[in-house]
Structures are given as structure tokens and as C-alpha cells.
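Ready for some hands-on reading of a protein model? Work through the exercises below with the structure open beside you, and check each step against the solution.

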Amino acid sequence: NTASMAGLLTPPNMGIYNAAKAAVVSLTETMYQDLKLVTDQVGASLLCPYFVPTGISRSERNRPGGAPAPEQLTKSQLIGVAMSEKAVSSGKVTAAEVAHKVFQAISDNQFYVFSHESPKALGNVTSRMQNIVAIKNPADPFLETPEIGAKLRAALRAA
């Protein structure tokens, strides 16, 4: 199943997306456990891509003909779309490379599959888990990039 790093993290201004992807993580982890109870012949893997240039920010291209166009986007939604487009388009790992990793993981019976195994990508997951276990509030997601956090706060708070 494909979730996202957003299923393991909580990037701001993406609540609905984060919740949907967290549900995929939970569902797939549960399915893995359920399958282990009944068989060794079928498994499950969970793909959590980071920033991969796939065209996800232009998903309206998949809207069926005749479906109504979305209503006017809010300021927050417009900012979110712009942020997502910039992040995704800057991805250096291709969809083909991710597909290769998925097939290799399935062959190796590996559950968690990440498009990026960098310390930054996985370090954010580690920090989140440490905060949860230590019963600490979520960390500022912009600790490493305070200028981006300041820009986003200013844009969202502007009248």
C-alpha cells in the first residue's frame, strides 16, 4: 500500500492529507499483523514516499469528465498547493527508482519502504517517535528551516 511520509509525520497546513495517509499506515500495519496470523504465503508492504516528482499536485487532471470543478480555494489551500508543488517538483528520486525499491522490498519481505532513506527524512520520524514516548509536545517542523516557517506563518496570518 502507498501512504506517504505524511502518514508518519505531521507537516503543517496538510491536515486532511496527513490524516488520510496515517490511516493507510495504520491499516497496512494491521493488515500485516492479520496476515501473519493466518499465513506465511502472503505479506504486506508499506510505501512511504517523500518528495517524488509524480504530478500529485496536479491531480485534478484525473477528475472524471462532467465532475464539478472544485470551489474557490481558500488562502490556506492556495499556499498549501504552492508549497506542495515546490517540494514535490524538487524531488531527486524518480518514480521509476521508487518502483524498483518497492519490488525489491516485496522480494525481500520488507515491510517499510521509503523513497528516501536519508537521515533528514527518517530523522524527522525518529524525532516524532521520541517526542511521543517522552510525552513531549510535537516539535516545530521548521527547526532546520526557520526561514520557511517564518514565511508560512506570515503568509497565513496576513489579512
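**Exercise 1: Find the core**

In the largest nonpolar core, which has 13 residues, Met5, Leu8, Leu46 and Cys48 are the members that touch the most others. Keep in mind that this is a predicted model. Your task: work out which elements each supply at least two residues of this core, and which residues Cys48 touches.

*Solution.*
- Step 1. Go through the elements: helix H1 (15-38), strand E1 (46-48) and helix H4 (119-133) each supply at least two residues of the core.
- Step 2. Select Cys48 and leave out residues up to four places away in sequence; the residues touched are Ala3, Ser4, Met5, Leu8, Val113, Phe114 and Ser115.
- Step 3. Now look apart from this core, and you will find another one, made of six residues, including Leu47, Val52, Val93 and Val113.

**Exercise 2: Describe the fold in outline**

How many helices and strands does the chain have, and in what order do the elements run from the N terminus on?

*Solution.*
- Step 1. Count the elements: there are five helices and two strands.
- Step 2. Follow the chain from its N terminus, and the order reads α-β-α-α-β-α-α.
- Step 3. Consider contacts with a separation of 6 or more: 63% of them join residues 24 or more positions apart.
- Step 4. Turn to burial and surface. The chain has 159 residues, and 25% of them count as buried. Its accessible surface comes to about 10900 Å², with 61% belonging to carbon and sulfur atoms.

**Exercise 3: Track down the salt bridge**

Search the whole structure: how many salt bridges are there, and which residue pairs with Asp140?

*Solution.*
- Step 1. The search of the whole structure gives one salt bridge.
- Step 2. Asp140 pairs with Arg153, and their closest N and O atoms are 3.5 Å apart. That passes the cut-off, because a salt bridge needs the nitrogen within 4 Å of a carboxyl oxygen.
- Step 3. Place the partners: Asp140 sits in the loop between H4 and helix H5 (146-157), while Arg153 belongs to helix H5, so the pair links parts of the chain 13 residues apart.
- Step 4. Check exposure. Asp140 has a relative accessible area of 33% and is partly exposed; Arg153, also at 33%, is partly exposed.

**Exercise 4: Spot the positive phi angles**

Most residues other than glycine have a negative phi. Where are Asn13 and Ile135 found, and is Ile135 buried or exposed?

*Solution.*
- Step 1. Asn13 is in the segment before H1, and its phi is near 65 degrees. With 28% relative accessibility, Asn13 is partly exposed.
- Step 2. Ile135 is in the loop between H4 and H5, with phi near 55 degrees. Its relative accessible area is 76%, so Ile135 is exposed.
- Step 3. Add Asn109, just after H3, where phi is positive at about 55 degrees.

**Exercise 5: Test a helix, then visit a surface patch**

What span should the 13 residues of helix H3 (residues 95-107) have at 1.5 Å a residue, and which residues make a nonpolar surface patch of about 230 Å²?

*Solution.*
- Step 1. The expected span of H3 is 18 Å, and its end C-alpha atoms are 18 Å apart, which agrees.
- Step 2. The patch is made by Leu73, Leu78 and Val81.
- Step 3. Leu78 lies in helix H2 (residues 75-89) and is partly exposed, with a relative accessible area of 45%.

Notes:
Residues are numbered from 1 along each chain as its sequence is written. This is a predicted model: local features need pLDDT of at least 70, side-chain atom pairs count only at pLDDT 80 or more; totals for chains, interfaces and linings use all residues. Side-chain values use heavy atoms; hydrogens and water are left out. A nonpolar core is a set of buried Ala, Val, Leu, Ile, Met, Phe, Trp, Tyr and Cys residues joined through side-chain atoms within 4.5 Å. Buried means under 20% relative accessible area, exposed over 50%, partly exposed in between (1.4 Å probe, protein chains only). Helices (H or I, at least four residues) and strands (E, at least two) are DSSP runs, numbered from the N terminus. Contact means heavy atoms within 4.5 Å. A salt bridge is a side-chain nitrogen of Lys or Arg within 4 Å of a carboxyl oxygen of Asp or Glu. Accessible areas come from the Shrake-Rupley method with a 1.4 Å probe; for residues, only the protein chains shown count as cover. Patches are made of residues with over 30% relative accessible area and no salt bridge: like charges are joined within 9 Å, nonpolar side chains (Val, Leu, Ile, Met, Phe, Trp, Tyr) within 5 Å. The expected span of a helix is 1.5 Å times one less than its number of residues.
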